[in-house]
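Dear colleague,

I am passing on to you the structure that we spoke of, together with some notes on what came out of it. Please look through the model first and then read on.

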Amino acid sequence: MKQIIDLRPVDRRREEPIRAHVLLCWLALLLIRIADTTTGQTWPSIRDELQRLHLGTFTGSAGTFRQRTEITPIQRKILAALTLDETSPRPRSNSRDTLTSTNTTD
């Protein structure tokens with residue numbers, strides 16, 4: 001396969017890791033193209049906008065909670081076009097005293 005498309009990771013010597021690397025690159029490109037066509041925006045603009053989202057996980061004596069930055073209207077539009085839920089994921093915890101928050105502090 002590496003002879004056909006002239007792609008070869010530097011640290012890969014066997015066929016299986018090379019195939020896996022090429023497959024991952026192809027999947028990444030596919031996801032980028034889906035995001036481009038679905039939102040009508042370019043990947044650099046989508047990436048720049050979504051990189052502004054931040055999620056912090058905080059753990060203390062009262063439990064663990066997550067807090068994210070406020071979603072902008074542009075980010076909300078991108079997430080909606082990609083049918084992605086804008087709510088923050090719940091923290092992974094086995095304790096009963098887990099709190100979840102999506103408020104922001106600047």
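**Thr39 and its surroundings**

Thr39 is buried, because its relative accessible area is 15% and the cut-off for that class is under 20%. Please keep in mind throughout that this is a predicted model, and that the values below were computed from it.

Thr39 belongs to helix 2, which covers residues 15-39. Its side chain has two polar partners in the backbone: a polar atom of the Thr39 side chain lies 2.7 Å from the backbone oxygen of Ala35, and a polar atom of that side chain lies 3.2 Å from the backbone nitrogen of Gln41. If residues up to four places away in sequence are not counted, Thr39 touches Ile46, Ile78, Ala81 and Leu82.

Ala81, one of those partners of Thr39, is found in helix 4. With a relative accessibility of 31%, Ala81 counts as partly exposed, whereas Thr39 is buried. Once the neighbours within four places in sequence are left aside, Ala81 is in contact with Thr38 and Thr39. The C-alpha atoms of Ala81 and Thr37 are separated by 9.9 Å, although these two residues are 44 residues apart along the chain.

**Where helix 3 meets helix 4**

Ile46 and Ile78, which both touch Thr39, also take part in the meeting of helix 3 with helix 4. On the side of helix 3 the residues are Ile46, Glu49 and Leu50, and on the side of helix 4 they are Ile74, Gln75, Ile78 and Leu79. Sorted by class, this contact has five nonpolar residues, one polar residue and one charged residue.

As for the geometry, the axes of helix 3 (residues 43-50) and helix 4 (residues 73-81) come within 10 Å and cross at roughly 120 degrees. Helix 3 and helix 4 are therefore oblique to each other, and the crossing in which helix 3 passes helix 4 is left-handed.

**The segment after helix 4**

Two residues of the segment after helix 4 may be of use to you when you look at the model, namely Thr83 and Glu86. Thr83 is not a glycine, and yet it has a positive phi of about 50 degrees. Thr83 counts as exposed, since its relative accessibility is 70%.

Glu86, by contrast, is partly exposed, with a relative accessible area of 26%. Not counting residues up to four places away in sequence, Glu86 touches Arg68, Ile71, Arg76 and Leu79, and Leu79 is also one of the helix 4 residues that meet helix 3. The C-alpha atoms of Glu86 and Gln75 are separated by 9.0 Å, with their positions 11 residues apart along the chain.

**The protein as a whole**

The protein has four helices and two strands, and read along the sequence they follow the pattern α-α-α-β-β-α. Of its 106 residues, 21% count as buried, and Thr39 is among the buried residues. Of the contacts with a separation of 6 or more, 44% are accounted for by residues 24 or more positions apart; the contact of Thr39 with Ala81, described above, can be found in the model as a place to begin.

With best wishes

Technical notes: Residues are numbered from 1 along each chain as its sequence is written. This is a predicted model: local features need pLDDT of at least 70, side-chain atom pairs count only at pLDDT 80 or more; totals for chains, interfaces and linings use all residues. Side-chain values use heavy atoms; hydrogens and water are left out. Axes are lines fitted to C-alpha atoms, for helices over the stretch in contact, and angles run from 0 to 180 degrees between N-to-C directions. Angles under 35 degrees count as roughly parallel, over 145 as roughly antiparallel, 65 to 115 as roughly perpendicular and the rest as oblique. A crossing is left-handed if the near helix is turned anticlockwise from the far one by less than a right angle, and right-handed if clockwise. Contact means heavy atoms within 4.5 Å. Ala, Val, Leu, Ile, Met, Phe, Trp, Tyr, Cys and Pro count as nonpolar, Asp, Glu, Lys and Arg as charged, and the others, Gly among them, as polar. Buried means under 20% relative accessible area, exposed over 50%, partly exposed in between (1.4 Å probe, protein chains only). A polar contact is a pair of N or O atoms within 3.5 Å; within protein, one must be able to donate a hydrogen and the other to accept it, and residues adjacent in sequence count only if both atoms are side-chain atoms.
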